[in-house]
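Visitor: Please take one part of the structure shown below and guide me through it closely. I should like to follow each step of the reasoning.

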Amino acid sequence: MTRSPRRSTAALLLCATALALGGCAAPGGLAPGDAAPPVSAQPRPQALWPAWSEESPKAPGAATGTRQPSPAPLRDGPAVGPGGLTAVDALDVVRADRRMRQFLGKGRIHAPGGAGVRPAAYLDVTGDGKKELVVAADTETGRTALSVYRADGERIVPVLFTLGRRMAVESLGADLLVRTAADDGSEQAVRFRWDGERMTVVSDERRWNKALPSPAPEPSGQASAADVRTGR
């Protein structure tokens, strides 16, 4: 069916008028001459303790979550002053936390391989513009305890506690990505996010290492080592 030239001309004039009046947008919602909105860059993981991350397992992060009672402030923790948690001694916080004090070891450590508390790290995980305190303590058996604390006035509130082996911790925006090696040989990556009360799990993925290749078959006519040991 052939379209009438008169109708086609009228349609073109109508569209041109609409564009001139700003009522006809270009594809994608932008009118001619409008600047495209900037594309926001996605956050990339940043290691909180780079020296402990070089040989730690790396794995991506399936949604999961649990509900627990609201976290309570440390009973004997140091008071938070005008300087916030960055002005509080992390060892004093560890000593006041019954779950963390058992991992105190010999106090502060500054390199992998020892037992004690890593240098304190600070990260705004709540989005309120104030940095929370992130503490990790290593044991002689290769396990690590990790805690995150926020300030509630002058009180200190633990909002995350987790354990793992060969732990590496990274910030992903305001989230924490904790990578560990499990006892069954797998690698696990857990992503924690502030939910208004505590850091909760938003993704948890485990990856198993590929099995070692099978040994090559023995050449025909030759006894294998197993045959020799068993007397075949």
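**From a loop residue to a buried strand**

Guide: The side chain of Thr126 makes a polar contact with the side chain of Asp128, at 2.9 Å. Please keep in mind throughout that the model is a predicted one. Thr126 belongs to the loop that runs between strand 3 and strand 4, the latter covering residues 132–138. Its relative accessible area is 17%; a residue counts as buried when this value is under 20%, so Thr126 is buried. When neighbours within four places in sequence are set aside, Thr126 is in contact with Glu132, Arg150 and Trp194.

One of these partners, Glu132, leads back to strand 3. That strand spans residues 121–123 and contains Ala121. Ala121 touches Glu132, and also Leu48, Trp49, Leu133 and Val134, if residues up to four places away in sequence are not counted. Ala121 and Glu132 are eleven residues apart along the chain, and their C-alpha atoms are separated by 8.4 Å. With a relative accessible area of 10%, Ala121 is buried as well.

Another partner of Thr126, Trp194, leads in a second direction. Strand 9 comprises residues 186–194, and six bridges join this strand to strand 8 in an antiparallel arrangement. Within this pairing, Ala181 stands opposite Glu187 of strand 9. The two strands form a hairpin with four residues between them, and in the turn Gly185 has a positive phi of about 90°.

Strand 8 also pairs with strand 7, which covers residues 168–172; five bridges connect them, and the strands run antiparallel. Ser171, for instance, has Leu176 in strand 8 as its bridge partner. Here too there is a hairpin, with two residues between the strands, and Gly173 takes a positive phi near 70°.

How many of the seven residues of strand 8 are buried? Seven of the seven residues, 175–181, are buried, and therefore the strand is largely enclosed by the rest of the structure. The side chains can be followed in two sets: Asp175, Leu177, Arg179 and Ala181 point one way, while Leu176, Val178 and Thr180 point the other way. The residues pointing either way are all buried.

To review the path, it began at the buried loop residue Thr126, passed through Ala121 in strand 3, and ended at strand 8, which is joined by bridges to strand 7 and to strand 9.

Notes:
Residues numbered from 1 in each chain as written. Predicted model: local features only at pLDDT ≥ 70, side-chain atom pairs only at ≥ 80, totals over all residues. Heavy atoms only, no water. Buried < 20%, exposed > 50% of the residue type's maximum accessible area, 1.4 Å probe, protein only. Pairing = 2+ DSSP bridges. Contact = heavy atoms within 4.5 Å. Polar contact = N/O pair within 3.5 Å; in protein donor to acceptor, adjacent residues only side chain to side chain.
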